[in-house]
Amino acid sequence: MRELAIEIGVRALLFGVFVFTEFLDPFQRVIQPEEIWLYKNPLVQSDNIPTRLMFAISFLTPLAVICVVKIIRRTDKTEIKEAFLAVSLALALNGVCTNTIKLIVGRPRPDFFHRCFPDGVMNSEMHCTGDPDLVSEGRKSFPSIHSSYSFVGGVIGLIFAYICYRQHYPPLANTACHKPYVSLRVPPSLKKDEMPTADSAPSLPLEGITEGPV
């Protein structure tokens, strides 16, 4: 129970760090006038896939697959628990790492010009006149959290998925790679039961020993 509490605490801490980094301002990369054309795409008012829906899909889809496998293969509760822990750790680490890189890189989005200059007029000092929150969000283009969370083309997501998988499961080359480490451990009670006792120990011939007086 203590180990489970620690596992849940680690994930709660990572989630808190993820939420905290969502509100931090990224590195303000200097944009040269000759490259401003790269960021003059029309302003995107809303994502094709809303962020909340993306989080729901990325979290609920693996859990749905786990539940389906449990029903088909009739796995025990231990395997389900370990699978849930691996998925939640992968998602939490992926979110923290993605946000951290966004803050460090500070790459503008393709529509950054219209975020920075809503009236379409650029000043010589390149000082943004738009909504500060909208401008700050416009500097978080790389890496894409949608791709990293959906694991489609997201190298970061794939790396953390495998790392977290290995925390709870054997290597993929192992024949028992679908079994968590907890299920592969032999309980101490079982080891004790398997130890030979005096009654069950096989009798060995005693060479050189005779009965009675010599």
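1. In this predicted model, Glu7 has a relative accessibility of 25% and therefore counts as partly exposed. The class follows because partly exposed residues fall between the limits of 20% and 50% relative accessible area. Its partner, Arg11, has a relative accessibility of 10% and so counts as buried. The two side chains meet in a salt bridge, with a distance of 2.7 Å from N to O. Both residues belong to helix H1, and because they are four residues apart there, about one helical turn separates them.

2. Side chains of opposite charge can pair when their charged atoms come close. How many salt bridges does the count come to? The count comes to three. The pair of Arg11 and Glu7 is one of them, and the next two points describe Arg109 with Glu137 and Asp111 with Arg115.

3. A salt bridge joins Arg109 to Glu137, and their closest N and O atoms are 3.3 Å apart. Arg109 lies in the loop between helix H3 (77–105) and helix H4 (112–116), whereas Glu137 lies in helix H5 (residues 132–137), so this pair ties together parts that are 28 residues apart in sequence. Glu137 has a relative accessible area of 34% and is therefore partly exposed.

4. Asp111 and Arg115 also form a salt bridge, in which the closest N and O atoms are 3.0 Å apart. Are these residues buried or exposed? Asp111 is buried, and Arg115 is buried as well.

5. On the surface, a nonpolar patch is formed by Phe15, Val19 and Phe23, which together have about 350 Å² of accessible area. Phe23 is located in the loop between helix H1 (2–22) and helix H2 (51–73). With a relative accessibility of 69%, Phe23 counts as exposed, because the limit for that class is over 50%.

6. Rolling a probe the size of a water molecule over the atoms shows where empty space is left. The second largest pocket holds about 620 Å³ of space. It is lined by 24 residues, and those closest to its centre are Ile66, Ala83, Val87, Tyr165 and Tyr169.

7. Which helix gives the largest share of the lining of the second largest pocket? That share, eight residues, comes from H2. H2, H3 and helix H7 (155–168) each contribute at least two residues to this lining. Sorted by class, the lining of the second largest pocket consists of 17 nonpolar, four polar and three charged residues.

Methods:
Residues are numbered from 1 along each chain as its sequence is written. This is a predicted model: local features need pLDDT of at least 70, side-chain atom pairs count only at pLDDT 80 or more; totals for chains, interfaces and linings use all residues. Side-chain values use heavy atoms; hydrogens and water are left out. Patches are made of residues with over 30% relative accessible area and no salt bridge: like charges are joined within 9 Å, nonpolar side chains (Val, Leu, Ile, Met, Phe, Trp, Tyr) within 5 Å. Accessible areas come from the Shrake-Rupley method with a 1.4 Å probe; for residues, only the protein chains shown count as cover. A salt bridge is a side-chain nitrogen of Lys or Arg within 4 Å of a carboxyl oxygen of Asp or Glu. Buried means under 20% relative accessible area, exposed over 50%, partly exposed in between (1.4 Å probe, protein chains only). On a 1 Å grid over the protein atoms alone, a cavity is a set of points where a 1.4 Å probe fits but cannot get out, and a pocket is an open set with protein on both sides within 12 Å along at least five of seven lines; lining residues have an atom within 4 Å of a point. Grid points are joined across faces, edges and corners, and a volume is the space filled by probe spheres set on the points. Ala, Val, Leu, Ile, Met, Phe, Trp, Tyr, Cys and Pro count as nonpolar, Asp, Glu, Lys and Arg as charged, and the others, Gly among them, as polar.
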